Amino acid sequence: MKTRTALGGFLIVLTLAWACDVFVLQAAPAGAWPWVLQRQALYLTGIWSIALMALIMLLALRPAWLERPLGGMDRVYRLHKWAGILAVGAGAAHWLIKLASGPMKSLLGTQGRPARDLTLALFEGSRGIAKDLGEWSIYALLLMLALTLWRRFPYHAWRLIHRVMPALFLVLAFHAVALAPAGYWTGITGLLLVPLLAAGAWSAGVALAGRIGHGRRSHGRITALERKRDGVLEVECRLDAGWRGHQAGQFAFVRFDRREGAHPYTIASAPRPDGTIRFEIKALGDYTSRLPGALRVGQPVEVEGPNGCFQLDADAGAPQVWVAGGIGITPFLAWLDTLAADPSRAPSAQLHYCVRDAAADPFAATLRERCAALPSIQLNIHDAARGQRLDATQLTLDSAPGHAAQVWFCGPAGLARSLRDGLRRLGRTDVRWHQEAFQMR
């Protein structure tokens, strides 16, 4: 399911519930139309914002049961990100609409302004503090959104600030419950908001307790470390019996240091009966650059997962195209490792590997060796140092009757956009495109 479809459907359902409550189940709003419009816009944007924030909190738990419907944990995180952006946007609109009452008084006067709606009696004495907490929380959310979108802001610092989000949700949930009209809680809107807020509050508690993914964690130790060329560190781990095993192409959240937290890495090896897994970690930031000096053989490691739907489809029925850019080769390494144990399962596929300098690449020799043992896998290495660039015209997209051509991509987003745009220009709209879209922020 696409992120736009999921979020659009979510907001449409909320809007229909609000409209049904306001215009069907309750008495029609009384008052001058500018004031009625301002009041109802205030309520609708508030419903959108708090419901989206509840969704954010639920998605932050990395629920494995949503992977298949959404297409992988990477899509869960993308939904989490865009739900957050929309929630802050709706919250800012809610705040601005509230501020608009001042200028409206000056221009229109107070005649025709609807009376204040009754709220739940339990919170009648809490209106003032609920308003103040809501206003300050909006300031905090706007700052958090700005830091999230500012890509140069350090990830480590952003992650620490992001930990405030569960507490902010609980504050804003109190703001919503204390100030929402009492009639909402007995209508269709309440039927949606009550379970959403309950799930959000429970999720916030799990997050504040540091128990996200607790039931899917396995423990083990680092058994081997190898520094490779081009800033790549190979880390081999052996996990305990709690490890559920993985499918080639999946990733896991790995915690080498409790103070740092978990980071996602693709598992670059085939499943092993003894729980051994391997990661190829490229130095792409401050944290990954420090790992070679921080890790040691025998060190404890905590792994949560596996996650992701980027899994080998050996029975696709049509030739496949595999495209990797840089460290994006890791899921394909796991695929090739799996096929080496049973070459008869290998599909007919082209593997395009795009690198800056093939002579210094840490995986080129391994790929040549593995693909030589799998005749149905055709390897193409595109060496930027020699002026070799991959474009859509180089992808051989044959299809079999009843089967669409498939492209599996893992690499830089810019390369993906270039290839997809090229395929559209070539009129290849029949291609099934598989791509990891995972981003932590």
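Student: Which residues are linked with Lys228 in a network of salt bridges?
Tutor: This is a predicted model. In it, the side chains of Lys228 and Glu280 meet in a salt bridge, 3.3 Å from N to O. Arg278 also forms a salt bridge with Glu280, with the closest N and O atoms 3.5 Å apart. The residues linked with Lys228 in the network are Glu234, Arg278 and Glu280.

Student: How many residues apart are Lys228 and Glu280?
Tutor: Their salt bridge links distant parts of the chain. Lys228 lies in the loop between β1 and β2, while Glu280 lies in strand β5. The two are 52 residues apart.

Student: Is Glu280 buried or exposed?
Tutor: A residue is buried when its relative accessible area is under 20%. Glu280 has 5%, so Glu280 is buried.

Student: And Arg278, buried or exposed?
Tutor: The cut-off for buried is again under 20%. Arg278 has 14% relative accessibility, so Arg278 counts as buried.

Student: Where does the salt-bridge partner of Asp230 lie?
Tutor: The side chains of Asp230 and Arg356 meet in a salt bridge, 2.9 Å from N to O. Asp230 sits in the loop between β1 and β2, and the pair is 126 residues apart. Arg356 lies in the loop between β8 (349–355) and α12 (364–372).

Student: Is Arg356 buried or exposed?
Tutor: Exposed means over 50% relative accessible area. Its partner Asp230, at 36%, counts as partly exposed. Arg356 has 59%, so Arg356 is exposed.

Student: How many salt bridges does the whole structure hold?
Tutor: The pairs above include Lys228 with Glu280 and Asp230 with Arg356. A search of the whole structure finds 16.

Student: Which strands stand at the edges of the open sheet?
Tutor: Six strands form this sheet, with antiparallel pairing, in the order β4-β3-β6-β1-β2-β5. An edge strand has a single partner, so one side is left without a neighbour in the sheet. The edge strands are β4 (263–266) and β5 (276–282).

Student: Which residue stands opposite Val254?
Tutor: Strand β3 (residues 251–255) and strand β6 (residues 300–307) pair in the antiparallel sense over four bridges. Opposite Val254, in β6, stands Val303.

Student: Which helix packs on the sheet?
Tutor: The helix touches β1 (217–227), β2 (232–239), β4 and β5. Its direction makes about 75 degrees with that of β4. It is helix α10 (residues 286–294).

Student: Which element supplies the largest share of the largest nonpolar core?
Tutor: In soluble globular proteins, nonpolar side chains tend to be buried together. Here the largest nonpolar core has 53 residues, and those with the most contacts inside it are Met53, Leu141 and Phe169. Among the elements that each supply at least two residues are α1 (3–25), α2 (33–60) and β3. The largest share, 12 residues, comes from α2.

Student: How many residues are in the second, separate core?
Tutor: This core includes Ala248, Phe310, Leu333 and Ala346. It has 28 residues.

Student: Why is Cys237 not in a disulfide, and how many disulfides does the structure hold?
Tutor: A disulfide needs two cysteine sulfur atoms within 2.5 Å. The closest cysteine sulfur to that of Cys237 is in Cys410, 19 Å away, so the two are too far apart for a bond. For Cys309 the closest is also in Cys410, at 14 Å, again too far. The number of disulfides is zero.

Conventions. Residues are numbered from 1 along each chain as its sequence is written. This is a predicted model: local features need pLDDT of at least 70, side-chain atom pairs count only at pLDDT 80 or more; totals for chains, interfaces and linings use all residues. Side-chain values use heavy atoms; hydrogens and water are left out. Two strands pair if DSSP finds at least two bridges between them. Contact means heavy atoms within 4.5 Å. Axes are lines fitted to C-alpha atoms, for helices over the stretch in contact, and angles run from 0 to 180 degrees between N-to-C directions. A nonpolar core is a set of buried Ala, Val, Leu, Ile, Met, Phe, Trp, Tyr and Cys residues joined through side-chain atoms within 4.5 Å. Buried means under 20% relative accessible area, exposed over 50%, partly exposed in between (1.4 Å probe, protein chains only). A salt bridge is a side-chain nitrogen of Lys or Arg within 4 Å of a carboxyl oxygen of Asp or Glu.
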